Amino acid sequence: MPRGAVIYQVYPRSYADTNGDGVGDLPGITARLDHIASLGVDAVWLSPFYRSPMKDFGYDVSDYCDVDPIFGTLADLDALTARAHALGLRVITDLVFAHTSDQHFWFNESRQSRDNAKADWFVWADAKPDGTPPSNWQSVFGGPAWTWDARRGQYYMHNFLTGQPQLNLHSPAVQEALLEVVRFWLDRGVDGFRLDAINFAMHDPALTDNPPLPPGGPRTRPFDFQDKIHNQSWPGIVDFLKRLRALTDSYGGRFTVAEVPGDRADQEMQAYTEGDDTLNSAYGFTYLYAPALTPDLVRATAAVWDGRPGQGWPSWPFSNHDAPRAISRWAEGRDLSAMARLTTLLLMCLRGDVFLYQGEELGLPQGEVPFDRLVDPEAIANWPKTLGRDGARTPMPWTADAPHAGFSTIEPWLPIDPRHLPLAVDRQAADPASQLALTRRLIALRKAHPALQCGALTMLDAPEHLLLFERRQDDERLLCVFNLGHHTLDWSPPEGWQVIEAVNGDEGPLAPLSGRVLSPVSGAFA
Ligand code: BGC
């Protein structure tokens with residue numbers, strides 16, 4: 001994968017349904033690969049399609065080496081990969097290695113007794129003398145990170161749902177078993193992996209309590225009260241990542257990206273990618289949950305990722321299947337389509353690999369999902385307090401006038417927001433001024449300019465609300481300027497620079513949400 005790649009995320013449940021059950025499937029993705037290839041992206045990342053009881057919609061895996069029947073078969077995956085390769089697209093799959101489903105046979109065996117062959121494959125611990133859990137650790141989705149199991153008379157640990165028992169990656173046998181899974185998919189021709197919540201995959205074996213955080217910050221879950229240094233973020237995970245990298249390298253040209261949420265993300269992202277023997281990239285959350293898009297946010301990120309040796313290589317998404325769609329999060333009452341144009345240009349100007357989430361190329365706002373249609377357990381439990389993930393997972397609108405927007409023939413698993421219909425692919429396909437056409441153009445812009453794709457990024461001083469930076473690679477220099485504020489700002493390019501791409505206005509003062517990329521007029525700096 002080239003550094004600076006553009007990777008398109010597909011959430012299989014919501015892409016395209018070909019068997020009429022209201023849930024997207026692998027043949028549906030295959031049928032739509034031409035759409036993905038037409039964007040000009042390098043790769044497609046598929047969220048999990050493995051066998052799963054779907055308590056966390058596939059992030060609770062009960063068989064790492066099979067396709068869930070709801071999505072199709074292994075042969076369907078092979079067909080998808082073959083078609084993707086024919087179109088010049090790499091295929092990246094999701095490895096969920098911090099936990100399995102409680103229906104996985106590894107866990108079924110492990111929970112039977114304290115001395116079976118897989119007894120230590122999960123994180124089991126005795127109760128405290130008063131019967132309470134072994135540590136104060138809390139789960140991401142609310143409530144303690146420990147659940148009692150009467151068979152073993154012990155607690156098992158889970159950082160997410162109770163149905164997602166934590167794998168014990170301190171066990172060499174577990175590491176071997178997981179590397180076997182990686183081999184299985186490499187042998188099937190998969191081009192790379194995204195490692196789900198990988199900084200959650202190793203815990204402090206002493207089960208030390210997490211310290212409390214000082215008061216402050218939003219607290220919707222007990223999880224938010226703790227400095228999470230013992231249930232996650234254990235540095236030993238890097239050794240496992242190196243083993244994984246050695247394996248993918250032995251197949252040549254494969255790609256690995258770690259998903260790294262949490263309070264120490266930048267540090268961990270760098271530790272996971274700093275050498276040639278660690279992962280290729282790490283996927284950061286800086287923009288995913290940011291309530292506002294400000295110059296300071298981009299500046300702070302650039303300061304952390306300033307290109308010093310030993311830093312590794314970041315990946316940036318603005319939206320995904322977990323976070324509310326960026327344009328809705330950042331609009332602050334401004335025009336959503338203008339916001340979509342701006343965010344796409346900014347994303348294509350960032351240093352790192354960039355991830356585009358399905359529907360972002362259409363400028364879809366966050367879907368409205370009424371309470372009685374919610375399916376995300378976290379959203380239901382905490383409604384209306386946490387943002388919930390269903391609104392980012394509503395089905396792709398393919399054909400505005402077809403039933404269910406051409407996604408399926410029956411009512412889909414999540415409702416389609418009526419505001420998405422005029423943004424359907426068929427409506428935008430013929431319109432050169434559409435967000436879809438713009439997305440293709442801006443991806444092509446990134447590809448055409450090594451400075452944007454993989455060059456250095458230097459922040460330049462600018463008045464409040466204005467974001468100004470330079471990208472440079474060898475002798476190519478580009479200036480990128482964005483008005484992230486609510487008011488028009490005066491700004492003139494330095495002498496000798498010309499606009500080569502612009503959104504929301506290409507000359508004169510910078511309108512709110514306008515962005516421009518400039519290059520030196522030929523010969524200007526000769
Ligand atoms: C995935 C989520 C999932 C969680 C647990 C993540 O970060 O993106 O969708 O619920 O890991 O696997």
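**Figure 1. Q358, a buried residue in a loop****.** In this predicted model, Q358 has a relative accessible area of 1%, and because the cut-off for buried is under 20%, Q358 counts as buried. To find Q358, look in the loop between β13 (353–357) and α11. Now try following the chain to a partner residue: Q358 and E180 are 178 residues apart along the chain. Their C-alpha atoms are separated by 30 Å.

**Figure 2. The ligand and the residues around it****.** Which residues are the closest to the ligand? They are D56, D196, E259, H321 and D322, and 13 residues surround the ligand in total. Three side chains are worth picking out here. A polar side-chain atom of D322 lies 2.5 Å from an oxygen atom of the ligand. For D196, the distance from a side-chain N or O atom to a ligand oxygen is 2.7 Å. For H99, a side-chain N or O atom and an oxygen atom of the ligand are 2.9 Å apart. How much of the ligand does the protein bury? Taken alone, the ligand exposes 310 Å², and the protein buries 96% of that. The space that the ligand takes is the largest pocket.

**Figure 3. Helix α10, largely enclosed by the rest of the structure****.** Helix α10 covers residues 336–349, which makes 14 residues. From its first C-alpha to its last, α10 reaches 20 Å, close to the 20 Å expected at 1.5 Å a residue. Why is α10 described as largely enclosed? Eleven of its 14 residues are buried, so the rest of the structure largely encloses the helix. Among the buried residues are A338, M339 and A340. Further along α10, you can find the buried run L342, T343, T344, L345, L346, L347, M348 and C349. As you trace the helix, here is a handy rule: an α-helix has 3.6 residues a turn, so residues three or four places apart point the same way.

**Figure 4. T294 and L297, in a loop and in helix α8****.** T294 is found in the loop between β11 (281–284) and α8. Its relative accessible area is 31%, and T294 is partly exposed. L297 has its place in helix α8 itself, which spans residues 295–304. Is L297 buried or exposed? L297 is buried, with a relative accessible area of 19%, a value that falls under the 20% cut-off. Each of these residues can be paired with another part of the chain. T294 and L33 are 261 residues apart along the chain, with 34 Å between their C-alpha atoms. L297 and D417 are 120 residues apart along the chain, and their C-alpha atoms are separated by 30 Å.

**Figure 5. A cis peptide bond and two positive phi angles****.** Here is some background for this view: most residues other than glycine have a negative phi, and most peptide bonds are trans. The bond that joins W383 and P384 is a cis peptide bond, with omega about -5 degrees. P384 sits in the loop between α11 (377–382) and α12 (425–429). H465 is not a glycine, yet its phi is positive, about 75 degrees. Look for H465 in the loop between β14 (456–459) and β15 (466–473); at 39% relative accessibility, H465 counts as partly exposed. D474, also a residue other than glycine, has a positive phi near 50 degrees. D474 lies in the loop between β15 and β16 (476–483), and with a relative accessible area of 69%, D474 is exposed.

Conventions
Residues are numbered from 1 along each chain as its sequence is written. This is a predicted model: local features need pLDDT of at least 70, side-chain atom pairs count only at pLDDT 80 or more; totals for chains, interfaces and linings use all residues. Side-chain values use heavy atoms; hydrogens and water are left out. Helices (H or I, at least four residues) and strands (E, at least two) are DSSP runs, numbered from the N terminus. The expected span of a helix is 1.5 Å times one less than its number of residues. Buried means under 20% relative accessible area, exposed over 50%, partly exposed in between (1.4 Å probe, protein chains only). A residue is near a molecule or strand if one of its heavy atoms lies within 4 Å of it. A polar contact is a pair of N or O atoms within 3.5 Å; within protein, one must be able to donate a hydrogen and the other to accept it, and residues adjacent in sequence count only if both atoms are side-chain atoms. Accessible areas come from the Shrake-Rupley method with a 1.4 Å probe; for residues, only the protein chains shown count as cover. On a 1 Å grid over the protein atoms alone, a cavity is a set of points where a 1.4 Å probe fits but cannot get out, and a pocket is an open set with protein on both sides within 12 Å along at least five of seven lines; lining residues have an atom within 4 Å of a point. A molecule sits in a cavity or pocket if more than half of its atoms lie within 2 Å of its grid points.
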